[in-house]
There are 2 protein chains.
Amino acid sequence: MRPPTIRDVAERAGVSKSLVSLVLRGSQQVRPEKRRAVLAAVEELGYRPNAAARSLSERRTRTVGVLLNDLRNPWFVELLDGLNSELYASGLRTLLADGRLNRRLGEDLTHTFTELRVDGLIAVGTLPDPAAVRTAAARVPTVVAGTREPVLPNVDIVAGDDELGARLATEHLIGLGHRHIAHIAGQGVVGELRRRGFEAVMREHGLSGSATVEQGDLTEEGGYRATVRLLSAPHRPTAVFAFNDMAGVGALSAAEELGLRVPGDLSLVGYDNTYLARLRHLWLTTVDNAGHDIGRRAARRLLDRIADPARPGGVALTAPVLEVRGTTAPPRPAD
Amino acid sequence: MRPPTIRDVAERAGVSKSLVSLVLRGSQQVRPEKRRAVLAAVEELGYRPNAAARSLSERRTRTVGVLLNDLRNPWFVELLDGLNSELYASGLRTLLADGRLNRRLGEDLTHTFTELRVDGLIAVGTLPDPAAVRTAAARVPTVVAGTREPVLPNVDIVAGDDELGARLATEHLIGLGHRHIAHIAGQGVVGELRRRGFEAVMREHGLSGSATVEQGDLTEEGGYRATVRLLSAPHRPTAVFAFNDMAGVGALSAAEELGLRVPGDLSLVGYDNTYLARLRHLWLTTVDNAGHDIGRRAARRLLDRIADPARPGGVALTAPVLEVRGTTAPPRPAD
DNA sequence: GGAGAGATCTGGAACGGTCCAAAGAAGGGC
DNA sequence: GCCCTTCTTTGGACCGTTCCAGATCTCTCC
C-alpha cells in the first residue's frame, strides 16, 4: 500500500512520467487534453509529490530553518509571524527549532538543519551557542534577527535599535520630571545596548549621579527581585526602566507589594510591547520593537542572500517607537 | 563547491561507499582501522549526510508534523515543549506549522506535511479545518492533542479532562461560600465541556437558578467585555469562572475598572495555569491543565501508533488540578 | 509531396543515500 | 595445504523526482 508515485500517475494517464512532471510543474508546452488526463489521474489516485525525492533532484529544499531561543517569549513569536508570512509568500516553508528546549544538545540543531540542506537559516535572538551559528553560516545563507550578534562575514543582522529604544524610554521619564531613575538590565548584547542608551541619556541630562543600574534577567522573577533591591535602598528611584515587559511586570508586582502605587509613587517602562504590556490590567508603558516588521525584513534579507550568498553582510536596524500607557506619570511634587 | 557525498568520503578513506554507510549507521561488523579511516575522512571533509537522500531510500523521514492552532497561546507552547522532549528522545524531529498564521490556506499545511511524508502528525488544539485532519489521518498516523475533536477512526485523542477541571473550579467557589457564580464560556468542544462541568456542579448544589453563562472567546478582550456585561446586570455575581487565563485577566481588568476589588468583591478563577496566572501581579487562581504532561503523552501515543497504525483510536484524559492563588476568597458577608 | 520549424513528448541519467546478495579475506580443523 | 565457516567488504539495484537531449508529431510553405 505505498503511496502512488509519478509513474503510477503516468501509467494511468497513458503518458510518460516526464510529461506528468511537466504538467505538475505548470509547463505551458503541454497539450490541454493531456494535461487534463494527467490531472484527472492525479486526482483519482490521490497522488502527492514526494518532497524528499524532489529536493534530492532539485538540490534545494525550499525550506528555511529557524533557530529560536525561546518560544515562551512573546516577542519572538511575533517576529516569527512576520518571518513566516514573508517567506511563505516566496514559496519557502519554515522549520522551527527551539534552542532552549535542546540546550544540552548545543550545536545539534544546526546539524539537523545542515543535514536537511535547508536553503537558508535564521537565528532569532541570543542563542546559547554562537559558534554553532558560525559553522552553519559557512555552509548556508544565514541571517541573524532580533539581536546584534554574532557578527559574521557573510551574515546579515536585522534588529531593533536597542540603544535608541532605551533613549526614548529614558527621555520620556526625564521629560515627565523624573530625576532619580533606575534601569533593570538584561543579559547579552541586547542588554548591553539598552543599558548604554539609558546611561547616555542620563549623562546628557547631567543625571549620571542619580542613575542606578540593577542587574536582572529576562524573566518576571528577575525584574521582581531587582526592583525589591532598588526600592529597599536608602534613596529610592521614582522611575524604573526595565529591560523588557516581563521584567517590567515583575517590577510592577514588587512595587505593589511594597505599598507603592504605579504610576503615582513609581513610574515604570517596559520594552517590546508584547501582549503582556497591552493587557488592560497591566497597561504598561513600553517601547514597541516592531517584531513583526523585523521578521519580515529578516525574511527579505535572507531571500536576497539566498540569491547571492557572497554579498557582504550588513546591519539593518528598525527604529522603535515609545508606546505610552498607564504606568508612567510625573513624580510626586513632594519628591 | 557541492557538499561532499558519501562517495567522496569513501574515496578519501579508500573504501567503498557501502562501508561508509555501514560505519555511519554504527554497524559492529567493521574492522576498527577501517572505521577510524572513515571517521577521519568524514571529519576532514566536513561531511554531513543528506537527509532527503536518506529518507528517500529508507522511506521514512524521522519527522513528525505538528499542526498548531496559535503559538501565542502559552498553553500550546507548553504542550509543544512536552511533545518535543519526548519525540526527540525517540530520534524524531519535529516540524511546526502554525495554522492560525496560514488560516487562508486551510488544508495547505497538511498538504505540505503529506508531501514531506512525515512519519506522524499531531494536531494541537481546535484547528480551523477539521476536514483536513481527517484526510491527513487517512494517510499518516495521527494524534489529536489538547482538544476532544475531531473524533476519527484511527486517531488517538490526548487532552485534559475539561469537564472535571471546570467542576474543580466551580466546587472551589461554592466551597468558599459563593452562590451566584458566572461562567465566561469559550468556543468549540473545549468551551462546551467546561461550560457543562460548571453547569453540572451548580445544578448538583441546587444553584442552577443563580448560575449565569456569558459567551466570551479565548482572548483578554472577550473576557473583559463579558465581565463588563455580567457586572452591569441587576443581580451581579460574586464570582466568575473564566474559560481560560487570558479571559480571566480580562475579567480582572473589568472588575478593577468598575471599582470592584478582587478577591474582596469578586472572586475569579482562570484555566490552564499559564505563566500569565503565575505572574505575581495577577496571581490568578486557575486550573492546571498539565500541558507538558499532555504533550508527552501525545508523543507516546503517536509512537505507539507509528509502530501499529491500525490500532484502534482511544481517548486519554489527564486529570487537571486546581491551583489556588490570590483571586479567590469567601464572598462579602453582607452579600 | 517534402523540407523545415515548432510544438510536444519521451527515455535515461542524475541526485545521495540504504540494503541485499554475493565476493573476498581470515581463521579453524584435519 | 585444503575445505569450510565466519567475518568483512563490495557492486549494483532502488527510492521518486527533475532535467536534458533527442525523438516524434503537426503545420506551414513552396
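A residue counts as near a strand if one of its heavy atoms lies within 4 Å of that strand. Keep this cut-off in mind for the exercises on DNA below. The model you are looking at is predicted.

**Exercise 1. DNA strand D**

Find out which parts of strand D face the protein, and which residues surround the strand.

*Solution.*

Step 1. Start with the DNA. Of the atoms of strand D within 4 Å of the protein, 61% are part of sugar or phosphate, and the rest are part of bases.

Step 2. Now turn to the protein. Strand D is surrounded by 29 residues, and the closest are A:Arg7, A:Ser21, A:Ser57, B:Lys17 and B:Ser18. Sorted by class, this surface has eleven charged, nine polar and nine nonpolar residues.

Step 3. Look at individual polar contacts, for which the cut-off is 3.5 Å between N or O atoms. On the phosphate side, a polar side-chain atom of A:Arg25 is 2.7 Å from a phosphate oxygen of strand D, and one of A:Arg54 is 3.4 Å from a phosphate oxygen of that strand. On the base side, a polar side-chain atom of A:Ser18 is 3.4 Å from a base nitrogen of strand D.

Step 4. Place the surface on the fold. The elements giving two or more residues to it are α1 (6-13), α2 (17-24) and α4 (51-58) in chain A, along with α2 (17-24) and α4 (51-58) in chain B.

**Exercise 2. DNA strand C**

Go through the surroundings of strand C in the same way, and find the element that gives the most residues to the surface near it.

*Solution.*

Step 1. For strand C, 62% of the atoms within 4 Å of the protein belong to sugar or phosphate, while the rest belong to bases.

Step 2. Around strand C there are 30 residues, the closest being A:Lys17, A:Ser18, B:Ser21, B:Arg25 and B:Ser57. By class, ten are nonpolar, nine polar and eleven charged.

Step 3. Chain B supplies these polar contacts. B:Arg2 has a polar side-chain atom 2.9 Å from a phosphate oxygen of strand C. B:Arg7 has one 3.3 Å from a base nitrogen of the strand. With B:Ala53 it is a backbone N or O atom that lies 3.4 Å from a base nitrogen of strand C.

Step 4. Two or more residues come from each of α2 and α4 in chain A, and from each of α1 (6-13), α2 and α4 in chain B. The element you were asked to find is α4(B), which gives the most, with five residues.

**Exercise 3. Two copies of a chain**

Work out how chain B is related to chain A.

*Solution.*

Step 1. Two copies of a chain are related by a rotation about an axis and a shift along it.

Step 2. Here, a rotation of 180° with a shift of 0.0 Å along the axis places chain B on chain A, with an RMSD of 0.0 Å. The two copies are therefore related as by a two-fold rotation axis.

Step 3. Find the axis in chain B: the C-alpha nearest to it is that of B:Ala52, at 2.3 Å.

Step 4. Check the contact surface: 100% of the contact residues of chain B recur in chain A, so the same surface serves both copies.

**Exercise 4. Aromatic pairs**

There are four aromatic pairs over all chains. Classify the pairs A:Phe241 with A:Tyr271 and B:Trp75 with B:Phe76.

*Solution.*

Step 1. Planes under 30 degrees apart count as stacked, over 60 as edge-to-face, and the rest as tilted.

Step 2. The ring centres of A:Phe241 and A:Tyr271 are 6.4 Å apart and the planes are at 40°, so this pair is tilted. A:Phe241 sits in strand β8 (residues 239-242) and A:Tyr271 in the loop between β9 (267-269) and α12 (275-278), 30 residues apart, so the pair links distant parts of chain A. Both A:Phe241 and A:Tyr271 are buried.

Step 3. For B:Trp75 and B:Phe76, the centres are 5.9 Å apart and the planes are at 55°, so this pair is tilted. B:Trp75 and B:Phe76 are buried.

**Exercise 5. A residue in a strand**

Is A:Leu95 buried or exposed, and which residues does A:Leu95 touch?

*Solution.*

Step 1. A:Leu95 belongs to strand β2 (residues 93-98) of chain A.

Step 2. Buried means under 20% relative accessible area. A:Leu95 has 7%, so A:Leu95 is buried.

Step 3. Leaving out residues up to four places away in sequence, A:Leu95 touches A:Thr63, A:Val64, A:Gly65, A:Val66, A:Phe113, A:Leu116, A:Val118 and, from chain B, B:Leu95.

Note on methods
Residues numbered from 1 in each chain as written. Chains lettered and ligands numbered in written order. Predicted model: local features only at pLDDT ≥ 70, side-chain atom pairs only at ≥ 80, totals over all residues. Heavy atoms only, no water. Least-squares fit on C-alpha atoms with pLDDT ≥ 70 in both. Contact = heavy atoms within 4.5 Å. Polar contact = N/O pair within 3.5 Å; in protein donor to acceptor, adjacent residues only side chain to side chain. Helix = DSSP H or I, 4+ residues; strand = E, 2+ residues; numbered from the N terminus. Nonpolar A, V, L, I, M, F, W, Y, C, P; charged D, E, K, R; others polar. Phe/Tyr/Trp six-rings, centres within 6.5 Å; stacked < 30°, edge-to-face > 60°. Buried < 20%, exposed > 50% of the residue type's maximum accessible area, 1.4 Å probe, protein only.
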